[in-house]
Amino acid sequence: MTHISHKPMLNNADINRPDVLAEVNAAFDSYEQALVTNDVEALDELFWASPLTLRYGAGENLYGHEAIRKFRQGRPATQLMRTVTERQITSFGADMAVANIEFRRDGSDRIGRQSQTWARMPEGWRVVSAHVSLML
């Protein structure tokens, strides 16, 4: 039996590089602003324009950028304001990051959670995968 040795591709210096974290935090801030103001055009731009992009929402599973775009266009633009209560963004190398937050919608005591995988594409940082859920 052949043993395959795997060497780590990242070292500690590649994780949370300040320059990369600054870029991803700025992209995430743009996403958050677009979300609470229902800037559908900006939200569409911040998701990777690919059929491989996915978004699992609190009540929907969306596969592909087009399905996500249609969902955004049909979503009511009310009660979008929220407060982020926890936030952790971790970058891995120069081109990949994950963003995780907890949030509360204004007027609700329920805790929401959001996870996003961000990748640097030729056109900039884009969400390639997202998951939103509410705790019971």
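**Backbone, strand pairing and pocket lining in a predicted model**

Asn-16 is partly exposed, with a relative accessible area of 31%. The model in which this value was computed is a predicted one. Asn-16 belongs to the segment that precedes helix H1, and its phi is near 60 degrees, a positive value in a residue other than glycine. Most residues other than glycine have a negative phi. A second case is Asn-38, which is likewise not a glycine and has a positive phi of about 55 degrees. Asn-38 comes just after H1, in the loop between H1 and H2.

H1 itself covers residues 18–36. The helix has 19 residues, and the distance from its first C-alpha to its last is 27 Å, close to the 27 Å expected at 1.5 Å a residue. The buried residues of H1 are Val-20, Leu-21, Val-24, Ala-27, Phe-28, Tyr-31, Glu-32, Ala-34, Leu-35 and Val-36. Glu-32 is thus listed as buried together with residues such as Leu-21 and Phe-28. The cover over these buried positions includes helices H2 (40–46) and H3, as well as strands E3 (82–92), E4, E5 and E6.

Helix H3 spans residues 65–74 and contains Arg-72. Arg-72 has a relative accessible area of 2% and is therefore classed as buried, the limit for that class being under 20%. Leaving aside residues up to four places away in sequence, Arg-72 touches Tyr-31, Leu-35, Val-40, Leu-43, Asp-44, Phe-47 and Arg-55. Two of these contacts, Tyr-31 and Leu-35, are among the buried residues of H1. Asp-44 is 28 residues from Arg-72 along the chain, and the C-alpha atoms of the two are separated by 8.1 Å.

The strand pairings involve E1, E4, E5 and E6. Strand E4 (residues 96–105) and strand E5 (residues 112–121) run antiparallel and are joined by 8 bridges. Within this pairing, Phe-103 stands opposite Gly-112 of E5. The hairpin of E4 and E5 has 6 residues between the strands, and Gly-107 in this hairpin takes a positive phi near 85 degrees.

E5 pairs in turn with strand E6 (residues 124–134), again in the antiparallel sense, over 10 bridges. The hairpin that joins E5 to E6 does so through 2 residues. Arg-120 has Trp-125 of E6 as its bridge partner, and Trp-118 stands opposite Val-127 of E6. E6 also pairs with strand E1 (residues 54–56), here in the parallel sense and over 3 bridges. In that pairing, Leu-54 faces Ser-129 of E6.

Ile-111 is placed in the loop between E4 and E5. Its relative accessible area is 24%, so Ile-111 is partly exposed, a class that lies between the 20% and 50% limits. Beyond residues up to four places away in sequence, Ile-111 touches Glu-102, Phe-103, Arg-104, Ser-133, Leu-134 and Met-135. Of these contacts, Phe-103 is the residue that stands opposite Gly-112. Thr-37 lies 74 residues from Ile-111 along the chain, with 20 Å separating the two C-alpha atoms.

The space left open by the model was also examined. Rolling a probe the size of a water molecule over the atoms shows where empty space is left. The largest pocket has a volume of about 280 Å³. It is lined by 19 residues, of which Ala-58, Phe-103, Arg-105, Val-132 and Leu-134 are the closest to its centre. Phe-103 and Leu-134 from this group are also contacts of Ile-111. At least two residues of the lining come from each of H1, H3, E4, E5 and E6. Divided by class, the lining consists of 7 nonpolar, 5 polar and 7 charged residues. Arg-105 is one of the residues closest to the centre of this pocket.

Terms used: Residues numbered from 1 in each chain as written. Predicted model: local features only at pLDDT ≥ 70, side-chain atom pairs only at ≥ 80, totals over all residues. Heavy atoms only, no water. Pairing = 2+ DSSP bridges. Helix = DSSP H or I, 4+ residues; strand = E, 2+ residues; numbered from the N terminus. Buried < 20%, exposed > 50% of the residue type's maximum accessible area, 1.4 Å probe, protein only. Contact = heavy atoms within 4.5 Å. 1 Å grid on protein atoms, 1.4 Å probe; cavity = no way out; pocket = protein on both sides within 12 Å on 5 of 7 lines; lining within 4 Å. Points joined across faces, edges and corners; volume = space filled by probe spheres on them. Nonpolar A, V, L, I, M, F, W, Y, C, P; charged D, E, K, R; others polar. Expected span 1.5 Å × (residues − 1).
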